[in-house]
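Notebook open, model loaded. Today I am going through some of the strands and how they pair.

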Amino acid sequence: MSELCTNPKKPKLKEEDEEEEANVSCREEQEEVLVALVEHRSNEIERLNNHISNYQTKLIEAERSLQNSKAKLAQLRGVAVPSISGAKKDHKPLKTLRNVNVSEDYASPSPSKTLRPSDSSDHPRSSCGSSVSKAKTVVVKQKSETSRDSPNVKDRGIKRKFEQKEHKELIRLIARNSSPTTIKCHTSNQISSQHKRKLRSLILCPVNEQLFATSSLDGMVSLWQLQPGRLVASLLSTTDCLSRKQRRWAEDMAWHPSGNTLFSVYTADDGDSQISILNLNKTREVTFLENKPHVKGIINNIKFMPWENTCFVTGGSDHAVVLWNESDDEENKWKSKPLHRNLHSAAVMGVDGMKNKNVILSVGADKRIYGFDVQVGRADYKHQIDYKCMSVLANPCDFNLFMVQSGEPEKQLRLFDIRLRKTELHSFGWKQDSSESQSALINQSWSPDGLYITSGSVDPVIHVFDIRYNARKPTQSIKAHQKRVFKAEWHYSQPLLISISSDLNIGLHKIS
């Protein structure tokens, strides 16, 4: 009888255990669902914030365009035009670069080194930017003999929110297509660089679509202006930017985000000047920074970071990566801070910054790739490949994608995702006919949409790569010069490629 009483309790206990397990399982499933929902809604908020920022940028640009048009109309009518809404009242008018009487607006070249544009009927369009903040500006003397519109240069201290772009997922497109999408090169024109020795750098002005600068081994830095509707560029000025002691040429150049100064890097040997600033708004203004944080060897690379706070990074042969922050107290004053000197065991060949986080990429001749988190103060991304690295470029649209140039023949360009460690997404390369050696002077450029890469070559061609193409060879190779091509830069707003070569010419290539 007692057995009959106890037996029914066992299945009841078992049933309670199963019910408890089911409740736990249900809670876990609910937790997983809620975690996924939180992550989804967080991503949605981030996406909407990006949209808001993008539309705010477009609004600022539209307001600037409207103000520019009003100014032109007022100039024709001889009436003053009020300043744009939202700008501070105490700001002086922005100084402009003019291509007439150039010596008043740039570091003074000798008259023999300055050319005026040949066609005075062209009207270059001025570029648009964001509102001005705490900047010292100079009023340009206006001359009555010219009614030509001049390309504007922003004053210092401008926040670079106008450069912010919406993140685009391009990584999922890499190597997905079995056939490439090619670009068409319709016409090309070569103009003399007027440099006496081989060209070293080519950079486009970040705020004026018509200006670009070149430098060469002769130590001169030249400022050029594109002529609207024509494959022609006019030389505006040429300035001696040789270093103070050794009289060395600039190893690399970078344009300040405001567009009114050019920065050049040199060497750390024998106490020579490490960085110069060419002020385009004043005459005879080539200044050298007093800070000398690099301890030896060539400073190979300089890049302004794509962040709201204006700063740039240098990488040198002393294995160091140095961050330079702009001082709020005085113009052309910069504070340097070495981020790391021991992560690389050889020369740092290239640096760049990721747009979505304060991470600085650096690559070296030691075959190593680092992503250094400035806020945390350590390298969160580490990778090593089997050949030396010579440069690094973050993608302009997908903020997780970056490219590294390596020294491996036929596998020179490699794509990486900053979120995936020790993972190579894809690689491209080319076979060289002229030489088997890989030159660190050969540089690459991303297209504005982030889908194409152009690269120079020891051969007289521009190699073009479509990241969607699953093959590793160039999508196409464009015959561009008579000798090696150092770089082919994509213009950010015009269907144009601009290239430099050891044949001392500048190539202008109309594309679609």
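**Strand pairings, β19 onward**

I started with β19 (residues 401–406), which is joined to β20 by five bridges, the two running antiparallel. Reminder to self: this is a predicted model.

I looked up one pair to fix the register: L401 has D417 in β20 as its bridge partner. Then I checked the link in this hairpin. Six residues lie between β19 and β20, and E410 takes a positive phi near 65°.

Next came the other neighbour of interest, β21 (residues 424–428). It pairs with β20 over four bridges, again in the antiparallel sense. Here I noted L413 standing opposite F428 of β21. β20 and β21 make a hairpin too, with six residues between them, and K422 in the turn has a positive phi of about 55°.

**How enclosed is β20?**

Are the faces of β20 covered or open? I went through them side by side. L413, L415 and D417 are on one side, R414 and F416 on the other, and all are buried. That fits the textbook picture, since side chains in a regular strand alternate between the two faces of the sheet. Buried here means under 20% relative accessible area. Five of the five residues of β20 (413–417) meet that, so the strand is largely enclosed by the rest of the structure. I underlined D417, a buried residue that is also the bridge partner of L401.

**Sheet β22-β23-β24-β25**

I moved on to an open sheet of four strands, which go in the order β22-β23-β24-β25 with antiparallel pairing. Which strands stand at the edges? They are β22 (444–446) and β25 (476–479); each has a single partner strand, so one side of each is left without a neighbour in the sheet. From one strand to the next, the twist averages 20°.

Inside this sheet I looked at β23 (residues 452–455) and β24 (residues 461–466), which pair antiparallel over four bridges. T454 stands opposite V464 in β24.

**Sheet β1-β28-β27-β26**

Last stop: another open sheet of four strands, in the order β1-β28-β27-β26, with antiparallel pairing. β1 (185–192) and β26 (485–490) are the edge strands, each pairing on one side only. Neighbouring strands are turned by 20° against each other on average, direction ignored.

I also checked β27 (residues 496–501) against β28 (residues 505–511): five bridges join them, and they run antiparallel. The bridge partner I looked up for L496 is K510 in β28.

How values were computed:
Residues are numbered from 1 along each chain as its sequence is written. This is a predicted model: local features need pLDDT of at least 70, side-chain atom pairs count only at pLDDT 80 or more; totals for chains, interfaces and linings use all residues. Side-chain values use heavy atoms; hydrogens and water are left out. Buried means under 20% relative accessible area, exposed over 50%, partly exposed in between (1.4 Å probe, protein chains only). Two strands pair if DSSP finds at least two bridges between them. Axes are lines fitted to C-alpha atoms, for helices over the stretch in contact, and angles run from 0 to 180 degrees between N-to-C directions.
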